[in-house]
Amino acid sequence: MGAIANSLVFDVDGAPLLVLTSGAHRVDEPLVADLLGVPRITRATPEFVRQHTGQAIGGVAPVGHPEPIGTLVDVELARFPQVWAAAGHPHTVFPTTYPELLELTDGTPAEVGPGAQTEEAVPR
């Protein structure tokens, strides 16, 4: 579960923010807002997600959006040699690595939730 890169879209005063977080990690919204220096971030509505990503909730890929989206990539994902990200549809994923996610998304590594999770990375 920890090697799944969940693509979560947030609304930051009308602008989209993509947070790629470990499936074993929850986004701490006040922490991320502080990190960004904004008063708050809120979970985006399904309409907002589709407008900014061209994709539906549950299958948002980290790439392929109509316009670039600012992206934070959870440092917890770096613990895994391979991670799985949505491929634009709720029933499709693709394998990648943490460094590739950073490169593909032009993302910023970030601690988006409290502390390390207990799930251990399994060498493959």
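1. Helices and strands here are runs assigned by DSSP, with at least four residues for a helix and at least two for a strand, numbered from the N terminus. Counted that way, this protein has three helices and seven strands. Please keep in mind as you read that the model is predicted. If you walk along the sequence, the elements come in the order β-β-α-β-α-β-β-β-α-β.

2. Now for the overall shape. A compact globule of 124 residues would have a radius of gyration near 14 Å, and the protein has 13 Å, so the two agree. Along the principal axes, the C-alpha atoms fill a box of roughly 40 × 30 × 20 Å. Take the contacts whose partners have a separation of 6 or more: 61% of them join residues 24 or more positions apart.

3. What about inside and outside? Of the 124 residues, 41% are buried. The protein exposes about 6800 Å², and carbon and sulfur atoms supply 55% of that area. As for charge, there are 6 positive and 15 negative side chains, and the centres of these two sets are 8 Å apart.

4. Have a look at the two ends of helix H1, residues 29-36. At the N-terminal end, aspartate 28 acts as a cap, with a side-chain oxygen 3.0 Å from the backbone nitrogen of leucine 31. Just after H1 comes glycine 37, which takes a positive phi of about 75°.

5. Is serine 22 buried or exposed? Its relative accessible area is 3%, and buried means under 20%, so serine 22 is buried. You will find serine 22 in strand S2, which covers residues 15-22. Setting aside residues up to four places away in sequence, serine 22 touches Gly2, Ile4, Asn6, Asp74, Glu76 and Leu77.

6. Glutamine 55 is a nice one to find in the viewer. This residue sits in the loop between helix H2 (46-53) and strand S4 (70-74). With a relative accessibility of 10%, glutamine 55 counts as buried, because the cut-off is under 20%. Its side chain reaches the backbone nitrogen of alanine 61 at 2.7 Å. Not counting residues up to four places away in sequence, glutamine 55 touches several others, among them Val49, Arg50, His65 and Gly88. For a sense of distance, the C-alpha atoms of glutamine 55 and valine 32 are separated by 23 Å, and these residues are 23 places apart along the chain.

7. Which residues does leucine 102 contact, leaving aside its neighbours within four places in sequence? They are Val73, Gly107, Thr108 and Pro109. Leucine 102 belongs to helix H3, residues 98-105. A general point helps when you look at any helix: an α-helix has 3.6 residues a turn, so residues three or four places apart point the same way. Finally, leucine 102 and glycine 88 are 14 residues apart in sequence, and their C-alpha atoms are 18 Å apart in space. Glycine 88 may sound familiar, as it is one of the residues that glutamine 55 touches.

Definitions and conventions. Residues numbered from 1 in each chain as written. Predicted model: local features only at pLDDT ≥ 70, side-chain atom pairs only at ≥ 80, totals over all residues. Heavy atoms only, no water. Polar contact = N/O pair within 3.5 Å; in protein donor to acceptor, adjacent residues only side chain to side chain. Buried < 20%, exposed > 50% of the residue type's maximum accessible area, 1.4 Å probe, protein only. Contact = heavy atoms within 4.5 Å. Rg over C-alpha atoms; globule rule 2.2 N^0.38 Å. Areas by Shrake-Rupley, 256 points an atom, 1.4 Å probe, with all protein chains shown as cover. Lys, Arg positive; Asp, Glu negative; His and termini not counted. Charge placed at Lys NZ, Arg CZ, Asp CG, Glu CD.
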